Amino acid sequence: EDRRALLDEVMPYIASANSGMTDELYDVAYAACYDDEDLRDLAERLEAVGKRWPLDHARRIYRRIGDREKYLALRALDMEYGSDYYDLATFCWESGERERAIEVAREGLERGQGRLDELRQFLAERALEAGDRGQYLELQFARCTDPLTEESYRAFRKLCIDAEWEVYEPRVVAALERLPLEQRLPIHLVRKEYDVAVGILSRMRYPREGWGGYAAIRAAEQLESRYPDQVLAFYMTGLGSLRSTASRKEYARNAQVVLKLRHMWVDVLRQPEKWRAFAKKVKEENQHRPAFQEEFARVIPDWKDI
C-alpha cells in the first residue's frame with residue numbers, strides 16, 4: 001500500500017513531463033516495484049498517460065514481465081527508427097521466431113530511420129551463424145561506412161583476410177573520398193598515405209575548437225617529422241592577431257599555438273635561432289600588454305628569458 005501510494009505521488013509529475021527531474025522520477029517509480037504485479041501496475045499507469053516516453057517504458061515493462069500481447073500491441077504503434085525494428089527483431093528471436101526476426105530486421109534496414117548499426121550487426125551475426133561469409137562481410141561493410149571513421153576502418157580491415165580486402169578496399173576508398181577533409185586525415189594516416197594526408201592538411205587552417213579540429217591537430221603532430229615545413233605552415237595559420245589588444249582568453253589561445261611553433265623550430269627543425277628571432281619580435285610588439293606577457297610566460301618555457 002505504501003509503495004502504491006508513493007506511485008500515486010510520483011505519477012502526476014511523470015505525466016506532466018515538465019518537472020526537470022524525469023530520470024529521477026522514473027528511478028523512484030521503478031524502485032517502488034517489488035514484483036511483476038507491481039511492474040504491471042506501473043506499466044498500466046504509464047500506458048494511461050498516452051505519451052511517447054511513458055509508452056516506451058510501458059512497452060519495455062511488458063516485455064520484461066513476459067506479456068507478449070501487450071508488448072506487441074504497443075510496439076506496433078511505434079515503428080519508425082532502426083532501434084524500434086531492432087527491439088522487435090530481438091524479441092522475435094528470443095521468442096523462437098527466427099524467420100520472423102530476420103524478416104523484421106531486413107524490413108528495418110529498408111524503412112528504419114536514424115541509426116541502423118544494431119540491425120546490421122544482428123543480421124551479420126545471423127549470416128555468420130548460417131555460414132554466409134559474403135552476406136556477413138557486406139553487412140559489416142555497411143556498418144563500416146555509415147559513417148566511415150578511423151575506428152570503423154580499423155575494425156573492418158581486421159575482419160577481412162587479404163583476398164577479401166582486395167575486393168572491398170576500392171569501395172572503402174570511394175567512401176573515404178566522400179568524407180570531409182578533417183575526417184579523411186586519420187584514415188589516410190592509418191593507411192600510411194602520408195603524402196595524401198599532408199596534402200589535405202595544407203588545404204586546411206588550424207582550427208579554433210571542435211572535435212574535427214582536434215583530429216587535424218593530431219594528424220599534424222604525426223606528420224611533424226616527415227613534413228616539418230608543411231606542418232609549421234599549418235600551425236602558423238592558427239595565429240590570431242599578435243599586434244592588437246584582445247581578451248586574456250585570446251592571448252592564452254595564441255600562446256598555445258606559439259608553443260607549437262617553438263616546438264617545430266627548436267625540437268623538430270633544430271633552428272632555435274629562428275624561434276628566438278620570432279619570439280623576440282612578438283614580445284617587443286606586445287611589451288605594453290601585461291596580460292599578453294603573463295599568458296605567454298605561463299605556457300612558453302623560455303619566454304621570460306627572451
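Helices here are DSSP runs of H or I with at least four residues, numbered from the N terminus. The model is a predicted one, so local features need pLDDT of at least 70 and side-chain atom pairs count only at pLDDT 80 or more, while totals for chains, interfaces and linings use all residues. Residues are numbered from 1 along each chain as its sequence is written, and side-chain values use heavy atoms, with hydrogens and water left out.

**Exercise 1.** Place F156 in its helix and work out what surrounds F156.

*Solution.* Start with the helix: F156 sits in α10, residues 150-159. Next, check accessibility. F156 has a relative accessible area of 2%, and buried means under 20% (1.4 Å probe, protein chains only), so F156 is buried. Now list the contacts, meaning heavy atoms within 4.5 Å. Skipping residues up to four places away in sequence, F156 touches L137, Q140, F141, C144, W165, Y168 and V172. Take F141 from that list: its C-alpha lies 6.9 Å from that of F156, though the two are 15 residues apart along the chain.

**Exercise 2.** Do the same for V231, in helix α15.

*Solution.* Helix α15 covers residues 228-236. V231 comes out at 0% relative accessibility, so V231 is buried. Beyond its neighbours within four places in sequence, V231 contacts L201, A220, L223, E224 and M264. One more distance to check: V231 and E221 are ten residues apart in sequence, and their C-alpha atoms are 8.0 Å apart.

**Exercise 3.** Describe how α2 and α4 are arranged.

*Solution.* First, the axes, which are lines fitted to C-alpha atoms over the stretch in contact, with angles from 0 to 180 degrees between N-to-C directions. Those of α2 (residues 22-31) and α4 (residues 52-65) come within 13 Å and cross at roughly 30 degrees. Angles under 35 degrees count as roughly parallel, so that is the label for this pair. Then look at who does the touching: T22, Y26 and Y30 from α2, with W53, P54, H57, I61 and R64 from α4.

**Exercise 4.** How many disulfides does a search of the whole structure find, and why is C160 not in one?

*Solution.* Step one is the criterion: a pair of cysteine sulfur atoms within 2.5 Å. Step two is the search, which finds zero. Step three is C160: the closest cysteine sulfur, in C144, is 8.5 Å from its own, so the gap is too far for a bond. As for accessibility, C160 is buried at 6%, and C33 is buried at 14%.

Key
Buried < 20%, exposed > 50% of the residue type's maximum accessible area, 1.4 Å probe, protein only. Helix = DSSP H or I, 4+ residues; strand = E, 2+ residues; numbered from the N terminus. Parallel < 35°, antiparallel > 145°, perpendicular 65-115°, else oblique.
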